[in-house]
Amino acid sequence: MSARKIIAIGGSDAGISAALRARELDPTSEVTVVVADAYPNFSICGIPYYVSGEVTHWSNLAHRTAADLAATGMTVHTDTRATAIDPAGHRLTVTGPDGAARDLDYDVLVIGTGAVSVRPPITGLDHLGPADGVHLLHSMGDTFAVMNTLTTKDPKTAIIIGAGYIGLEMAEGLTARGITVTQIEALPEVLPTVEPELGALVHDELVRNRVDVRTHTLVTAVDRTDTGALTVTTSSDGQSDHLTADLVLVVVGVRPDTDLAAAAGAQLGIKNTIAVDEQMRTNLSDVFAAGDAVHTHHRQLGITWLPLGTTAHKQGRVAGENALGGTARYTGSLGTQVVKIFDLVAARTGLKETEALAADRGWVPVSTTSTPDDHKAYYPGATPISIRITGDQNTGALLGAQLIGHRTAEISKRVDTYATALHHGMSVDALSELDLSYTPPLGSPWDAVQVAAQNWVREHQLHHQRSVLSLNR
């Protein structure tokens, strides 16, 4: 691999991972990272814990300090926005903190522009902002705006629009600060990435912690009265309601930030993401892309979009290696995710039954929900884990798993077991063959992941096999 001049656009997971990998493999390479704000390599996923006060200072959210990055030999330009890409001339135009534009030459470019918050079509939302106590939340700048509202206005009530991962984490974080929270979700249940029956467990946990949860409720307008109060108008089952709050947080998802790449001629695909191959190459010569701005190679679905930090790190690493002339491949995502809501943890990997049906891959997806204990019941503190396994009735292949349990029940590690099995194409039945650890305070001779798998086999595969045998007689 010959030394190259590499520029990465974006200072979050993908861009920094690409830069680090390039420097690791070739310390002679000239690696530059262009960061639009002043916070390279900061953990966006950690924002709710800074807001809650569990992370005591914003600087602790940095995966690596500026000094750590400089020590690798890379150059990081902060408060510098990339404004144009010239693929033919191998030039990137940037505007620095002084407002002056200049061109940077590159041999290879990695685009890691990430995603930006979705601003839903709510009447009045376009006219309100942080000064009014209305916030979107995705960047460090958004975070400081929220913290400013919390410290200067001392809000007593908050409305969170959206009950996905960030919305749920922020419900916990604001509650921890003594703020009374109302959470509004347009879909039938909170945490729609899991089945409604499991989302209902999260719903109950929110209510137990004094969060006013309103599902199947659409926010139609946000307004600020002459007295400064914020009014949120909702609609549910044909009935309107008007809620007031001191702070409104809008967290209904993100969209890929691909305007820069598109203007340069990059091919866009699903949901306007940048189309890349498994080596993270775009259709532009010597231009790679990674992270939330690109589509996702999913091991079960093919091409989709899953903006996850874990995915961005892996894709960035592949892009950084291949920017040096390597042949690394991103082997694909399974959408493995986990979130903590108060004392409950929810996780998933692979596909829900509805997703497997929609994929039209010939599967006959069927599911079983089990509630095995996290460890031997005779040892104090055992708690049930709700585990929903989805598999293909015809072949017995594992298709997905969802878990909800107490924060002490090792939910994240158990979902990782299912993710590993999915990665290697295991059947549900084969999970029982895994040699998993056991001690009574932490597990059982048959771990909870295996008990749930055995229940699925008992309910679906054995029934299917018996039906086939009966037909063949």
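Biologist: Is Asp 286 buried, partly exposed or exposed?

Modeller: The model is predicted, and the class follows from computed accessibility. Asp 286 has 32% relative accessibility. Buried would need under 20%, and exposed would need over 50%. The value lies in between, so Asp 286 is partly exposed.

Biologist: Where does Asp 286 lie, between which helix and which strand?

Modeller: Asp 286 sits in a loop. That loop runs between helix H7 (259–263) and strand E18 (287–289).

Biologist: Which residues gather with Asp 286 in a patch of negative charge?

Modeller: The patch is on the surface. Asp 286 gathers there with Glu 30, Asp 103, Asp 105 and Asp 107.

Biologist: Now the rings. How many aromatic pairs does the structure hold?

Modeller: Rings pair if their centres lie within 6.5 Å. The number of aromatic pairs in the structure is five.

Biologist: Is the pair of Tyr 39 and Phe 42 stacked, tilted or edge-to-face?

Modeller: The centres of Tyr 39 and Phe 42 are 5.5 Å apart, with 80 degrees between the planes. An angle over 60 counts as edge-to-face. Therefore the Tyr 39 and Phe 42 pair is edge-to-face.

Biologist: Which of these two, Tyr 39 or Phe 42, is buried?

Modeller: Tyr 39 has a relative accessible area of 22%, which makes it partly exposed. Phe 42 has 9% relative accessibility. Buried means under 20%. The buried residue is Phe 42.

Biologist: What class does the pair of Tyr 39 and Phe 144 fall in?

Modeller: Their ring centres are 5.3 Å apart and the planes are at 55 degrees. Stacked needs under 30 degrees and edge-to-face over 60. The angle fits neither, so the pair is tilted.

Biologist: How many residues apart are Tyr 39 and Phe 144?

Modeller: Tyr 39 is in the loop between strand E2 (30–34) and helix H2 (47–52). Phe 144 is in helix H4 (residues 140–153). The pair links distant parts of the chain, and the two are 105 residues apart.

Biologist: Which residues form one aromatic cluster with Tyr 39?

Modeller: Phe 144, partly exposed at 23% relative accessibility, is one of them. The cluster joins Tyr 39 with Phe 144, Phe 42 and Trp 58.

Biologist: Lys 271 is not a glycine. What is its phi?

Modeller: Lys 271 lies in the loop between H7 and E18. Lys 271 is exposed, at 57% relative accessibility. Its phi is positive, about 55 degrees.

Biologist: Where is Asp 360, which also has a positive phi?

Modeller: Asp 360 has a phi of about 55 degrees. Asp 360 is exposed, with a relative accessible area of 67%. Its place is the loop between helix H9 (353–358) and strand E23 (365–370).

Notes:
Residues are numbered from 1 along each chain as its sequence is written. This is a predicted model: local features need pLDDT of at least 70, side-chain atom pairs count only at pLDDT 80 or more; totals for chains, interfaces and linings use all residues. Side-chain values use heavy atoms; hydrogens and water are left out. Patches are made of residues with over 30% relative accessible area and no salt bridge: like charges are joined within 9 Å, nonpolar side chains (Val, Leu, Ile, Met, Phe, Trp, Tyr) within 5 Å. Accessible areas come from the Shrake-Rupley method with a 1.4 Å probe; for residues, only the protein chains shown count as cover. A salt bridge is a side-chain nitrogen of Lys or Arg within 4 Å of a carboxyl oxygen of Asp or Glu. Lys and Arg count as positive and Asp and Glu as negative; His and the chain ends are not counted. The place of a charge is taken as NZ of Lys, CZ of Arg, CG of Asp or CD of Glu. Helices (H or I, at least four residues) and strands (E, at least two) are DSSP runs, numbered from the N terminus. Buried means under 20% relative accessible area, exposed over 50%, partly exposed in between (1.4 Å probe, protein chains only). Rings of Phe, Tyr and Trp (its six-membered ring) pair if their centres lie within 6.5 Å; planes under 30 degrees apart count as stacked, over 60 as edge-to-face and the rest as tilted.
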